[in-house]
Amino acid sequence: MQDAPLKAHLHDAQTVTAVTHWTDRLFSFRVTRPKTLRFRSGEFVMIGLMGEAGKPLLRAYSIASPAWDEELEFYSIKVPDGPLTSRLQHIQVGDEIILRPKPVGTLVHDALLGGKRLWLLATGTGFAPFASLLREPETYEKYESVIMMHTCREAAELEYGRQLVAGLADDPLIGEMVAGKLHYYPTTTREPFAHMGRITDNLTSGKVFADLGLPQMNPADDRAMVCGSLAFNVDVKAVLDGFGLREGANSDPKEFVVEKAFVGDGI
Ligand code: FAD
Ligand code: A2P
């Protein structure tokens, strides 16, 4: 009872303003943004719902909207028996979620040294931090080319990203900056699609470089941000190491940075 007032301001209630369901496992939603919340595009926060006995049930979520947006957007999995998402998937406009306004994360521009090309490499909901960075002007100011590789098992799982990228050209803030700079390279692994295959395979075989007319990655020109399952992150890191890129952090910028899209079972 004694710390109730303290808890009240650690978690802000925010109102849901939009919800879109993409598949039976994926949805996105927008909420009001606390006036005092400042964050860098690519960071994550803790969000959730009030649980039993007024105890907050919070999980890490990448902010999918850019730092300049008046609202906050999130892109979410639906885990059928997941403590949070079994409930969160049912939110509707006007409902409230809770948010701990302490943004953190490594997928930020400050954590990379300057370069020519920025590679954004994601599987599944790992696209979320890049949904923010793809709408961030700094992304196009800092690099000559930006390459978004997103891989899912099936085409329907790519749809949130596809529509977001398709809308960038008409965005009043960054539409002109994006033209000619952004290469979007979505692939599936378990359903026929224009381009197929794992990101790791398309990098090591050189297929993506050939398809996009770009040189093989090298530490002088290429920078990368990686966000997927732990297995994906480990395997991509080995590929990037092989191209001579080194992993950096906020406190020690280098050629690439990695963040988990989720914490897996037993990991
Ligand atoms: P949990 O008990 O948290 O998870 C149950 C199981 O579901 C996990 O063990 C795992 O096997 C699986 N799972 C959880 N999340 C995912 C996922 N995203 N994709 C595939 N399988 C998953 N989730 C998002 O949906 N969007 C985000 O932007 C996002 N950002 C994250 C950022 C960070 C740094 C971390 C660590 C996690 C992030 N997550 C994100 C995962 C999120 O924190 C929760 O795990 C997820 O919302 C499920 O919560 P839950 O309570 O329903 O199930
Ligand atoms: P695949 O279908 O060949 O396993 P998941 O749904 O299991 O999280 O996977 C999302 C996408 O990431 C799938 O297309 C999957 O390909 C791919 N993927 C999973 N693990 C790896 C990995 N270790 N390296 C590269 N791609 C991976």
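Modeller: A residue counts as near a molecule if one of its heavy atoms lies within 4 Å of that molecule. Keep that cut-off in mind for ligand 1, where A60, Y61, Y75, T85 and T125 come nearest of the 21 residues around the ligand. One caution before your questions: this is a predicted model.

Colleague: Understood. What makes the pairing of R59 with ligand 1 a polar contact?

Modeller: The cut-off for two N or O atoms is 3.5 Å. An N or O atom in the side chain of R59 is 2.8 Å from an oxygen atom of ligand 1, so the pair qualifies. Y75 contributes through its backbone, where a polar atom is 2.8 Å from a nitrogen atom of the ligand. T85 uses its side chain instead, with an N or O atom 2.6 Å from an oxygen atom of ligand 1.

Colleague: How much of the accessible area of ligand 1 does the protein cover?

Modeller: On its own the ligand has 870 Å² of accessible area, and the protein covers 83% of that. Ligand 1 also sits in the largest pocket.

Colleague: How do you know that ligand 1 sits there?

Modeller: The test is that more than half of a molecule's atoms lie within 2 Å of the grid points of the pocket. Ligand 1 is assigned to the largest pocket on that basis. As for the elements around the ligand, β4 and β5 (71–77) each give two or more residues to the shell. β4 gives the most, with four residues. By class, the shell around ligand 1 holds 12 nonpolar, six polar and three charged residues.

Colleague: Let's turn to ligand 2. Which residues surround it?

Modeller: Here is the list: T123, T151, C152, R153, T189, R190, R198, T200, A231, F232 and D235.

Colleague: What makes D235 a polar contact of ligand 2?

Modeller: The same kind of check applies. An N or O atom in the side chain of D235 is 2.8 Å from a nitrogen atom of the ligand, and the limit is 3.5 Å, so the pair counts. R153 brings a polar side-chain atom to 3.0 Å from an oxygen atom of ligand 2. A231 takes part through a polar backbone atom, 3.4 Å from a nitrogen atom of the ligand. The area tells the rest: taken alone, ligand 2 exposes 550 Å², and the protein buries 81% of it. The space that ligand 2 takes is the largest pocket.

Colleague: Why are four residues of that shell called charged?

Modeller: Asp, Glu, Lys and Arg are the charged class, and R153, R190, R198 and D235 belong to it. The shell around ligand 2 also has three nonpolar and four polar residues. β8 (145–152) and α9 (230–242) each supply at least two members of the shell, and α9 has the largest share, with three.

Colleague: Now some single residues. Why is E43 called buried?

Modeller: Buried means under 20% relative accessible area. E43 has 5%, so the label fits. This residue lies in the loop between β2 (26–32) and β3, and a polar atom of its side chain is 2.9 Å from the backbone nitrogen of R40.

Colleague: How do you know that L26 is buried?

Modeller: By the value again: L26 has 5% relative accessibility, against a limit of 20%, so the residue is buried. L26 lies in strand β2. Its C-alpha is 8.6 Å from that of Q89, although 63 residues separate the two along the chain.

Colleague: And why is A53 called exposed?

Modeller: Exposed means over 50%, and A53 reaches 84%, so A53 passes. You will find A53 in the loop between β3 (44–50) and β4 (56–62). A53 also has a positive phi of about 60° without being a glycine.

Colleague: What makes G180 exposed?

Modeller: Its relative accessible area is 78%, so G180 clears the bar of 50%. G180 is placed in the loop between α6 (175–178) and β9 (182–188).

Colleague: Last one: why is P253 called partly exposed?

Modeller: P253 has 28%, which lies between the limits of 20% and 50%, so the middle label applies. P253 is in the loop between α9 and β11 (256–260). P253 and T106 are 147 residues apart in sequence, with their C-alpha atoms 9.9 Å apart in space.

Key: Residues are numbered from 1 along each chain as its sequence is written. Chains are lettered from A and ligands numbered from 1 in the order in which they are written. This is a predicted model: local features need pLDDT of at least 70, side-chain atom pairs count only at pLDDT 80 or more; totals for chains, interfaces and linings use all residues. Side-chain values use heavy atoms; hydrogens and water are left out. A polar contact is a pair of N or O atoms within 3.5 Å; within protein, one must be able to donate a hydrogen and the other to accept it, and residues adjacent in sequence count only if both atoms are side-chain atoms. Accessible areas come from the Shrake-Rupley method with a 1.4 Å probe; for residues, only the protein chains shown count as cover. On a 1 Å grid over the protein atoms alone, a cavity is a set of points where a 1.4 Å probe fits but cannot get out, and a pocket is an open set with protein on both sides within 12 Å along at least five of seven lines; lining residues have an atom within 4 Å of a point. Buried means under 20% relative accessible area, exposed over 50%, partly exposed in between (1.4 Å probe, protein chains only).
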